[in-house]
Amino acid sequence: MFAGMHMPSFDRASGWLNTGPLTVDRLRGQVVLVDFWTLTCINWLRTEPYVRAWSRAYRDDGLVVVGVHTPEFSFEHELDRVRLAVAEREIDYPVALDNDYGIWTAFANHYWPALYFVDRDGKIRDHHFGEGRYEQSERVIQQLLGVERELVTDSVEGAGVEAEADWVNLRTPETYLGYTRGEPIDGLTGDWTVEREYVRLDKAGGSIAFPFHARDAHLVLSSRRSEPIPFQVRLDGQPPGAAHGVDVDAEGNGLLEAGRMYQLIRQDGPVWDRTVEITFAEAGAEAYVFTFG
């Protein structure tokens with residue numbers, strides 16, 4: 001439905017990272033890949049190694065990747081958090097800050113991640129929503145650039161939170177904890193307040209337990225405290241050991257510092273029904289959504 005449609009303007013961006021403001025006229029004559037993302041989205045995190053690789057492989061051929069950061073949660077509007085995510089993901093292409101959803105609306109977009117492929121005349125020639133289809137997407141880039149060579153996609157391998165999901169064993173869907181998009185869960189212990197986007201711990205020592213069936217378990221966390229909040233993770237009531245995620249040690253210890261997605265569990269073996277539990281040593285933790293991989 002986007003074929004032949006001219007790329008909308010970026011004029012409603014609230015700011016830019018890695019570049020000055022980009023206009024449609026300034027981009028004319030170059031192939032543009034527009035990538036809608038938000039820093040806590042596990043689906044975007046798993047696509048980012050490919051987008052990063054395409055940007056570096058084809059920029060000298062005339063490709064410009066424009067990341068559009070459109071926040072899903074309120075804390076993702078904060079510039080410092082987006083800037084930190086850009087640094088952590090080693091994003092060196094232009095990023096438009098879309099805090100007011102102006103660019104999102106202009107593209108009539110509804111997804112994170114979403115890719116729009118734009119030719120040298122400024123017309124959208126293809127699009128893709130979500131993960132996957134990497135080889136085909138790179139072929140589209142080559143076709144628009146007028147080049148043909150070995151795909152860099154074949155050598156991309158995400159690490160840490162960027163690693164591809166274990167789709168065979170992924171049976172638990174993402175689960176939101178705020179009252180707008182979530183449903184009450186039975187695993188809250190302690191004094192919690194259910195807000196629109198998240199649940200907030202009001203007294204130290206509270207925990208969240210959640211059953212899942214997947215290789216990885218993640219939780220989007222934030223806090224309004226100036227000091228970090230220590231937390232401890234248990235897998236079926238025990239320290240996770242070798243199954244700990246990148247944000248937790250083998251004993252299950254972690255630290256809530258910046259608002260982002262935290263990987264609590266990554267299993268390296270058979271996957272079965274498990275329960276992950278996270279306990280916070282201080283009040284003020286905000287938990288938004290469980291995601292799995």
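## Strand β5 and its partner β6

Let's start with one pair of residues: Val 118 has Ile 124 in β6 as its bridge partner. This is a predicted model, and the pair belongs to a longer match, since five bridges join β5 to strand β6 (residues 124-129) in the antiparallel sense. If the word "pair" is new to you, strands of a sheet pair through backbone hydrogen bonds, either parallel or antiparallel.

Between the two strands of this hairpin lie five residues, and Gly 122 has a positive phi near 85° there. Now look at the strand itself. Is β5 (residues 114-118) mostly covered or mostly open? The strand is mostly covered, with five of its five residues buried. On one side you will find Ala 114, Tyr 116 and Val 118, on the other Leu 115 and Phe 117, and all of these are buried.

## From β5 to β2 and β3

β5 has another neighbour too. Strand β2 (residues 31-37) runs antiparallel to β5, and five bridges join them. Here Asp 35 stands opposite Leu 115 of β5.

Next, follow β2 to strand β3. These two strands pair in the parallel sense, over seven bridges, and Leu 33 stands opposite Val 65 in β3. Strand β3 (residues 63-69) has seven of its seven residues buried, so it is largely enclosed by the rest of the structure. Both of its faces are covered: Leu 63, Val 65, Gly 67 and His 69 are buried on one side, and Val 64, Val 66 and Val 68 on the other.

## An open sheet of five strands

Elsewhere you can trace an open sheet with antiparallel pairing, in which five strands follow the order β8-β11-β16-β13-β14. Its edges are β8 (188-189) and β14 (253-256); each has a single partner strand, so one side of each is left without a neighbour in the sheet.

Within this order, strand β11 (residues 207-212) and strand β16 (residues 274-280) run antiparallel and are joined by six bridges. One spot to find is Ser 207, whose bridge partner in β16 is Thr 279.

## Backbone details in the loops

Some loops are worth a visit. Pro 113 sits in the loop between α4 (102-106) and β5, and the peptide bond from Trp 112 to Pro 113 is cis, with omega near -10°.

Which residue in the loop between α3 (79-88) and β4 (95-97) should you look at? Try Glu 90, which lies in that loop. Its phi is near 55°, a positive value in a residue other than glycine. Glu 90 has 52% relative accessibility and counts as exposed, because the cut-off for exposed is over 50%. Arg 133, in the loop between β6 and α5 (134-145), also has a positive phi, about 60°, although it is not a glycine. At 23% relative accessibility, Arg 133 counts as partly exposed.

## The whole protein

Now step back. The protein has five helices and 17 strands. Its radius of gyration is 20 Å, close to the 19 Å that the globule rule gives for 293 residues, so the protein is as compact as a globular protein of that length. Along the principal axes, the C-alpha atoms fill a box of roughly 60 × 40 × 30 Å.

How much of the protein is buried? Of the 293 residues, 55% are buried. Among contacts with a separation of 6 or more, 74% are between residues 24 or more positions apart. The protein exposes about 13000 Å², and carbon and sulfur atoms supply 47% of that. As for charge, there are 28 positive and 47 negative side chains, and the centres of the two sets lie 3 Å apart.

Conventions. Residues are numbered from 1 along each chain as its sequence is written. This is a predicted model: local features need pLDDT of at least 70, side-chain atom pairs count only at pLDDT 80 or more; totals for chains, interfaces and linings use all residues. Side-chain values use heavy atoms; hydrogens and water are left out. Buried means under 20% relative accessible area, exposed over 50%, partly exposed in between (1.4 Å probe, protein chains only). Helices (H or I, at least four residues) and strands (E, at least two) are DSSP runs, numbered from the N terminus. Two strands pair if DSSP finds at least two bridges between them. The radius of gyration is taken over C-alpha atoms; the globule rule is 2.2 Å times the number of residues to the power 0.38. Contact means heavy atoms within 4.5 Å. Accessible areas come from the Shrake-Rupley method with a 1.4 Å probe; for residues, only the protein chains shown count as cover. Lys and Arg count as positive and Asp and Glu as negative; His and the chain ends are not counted. The place of a charge is taken as NZ of Lys, CZ of Arg, CG of Asp or CD of Glu.
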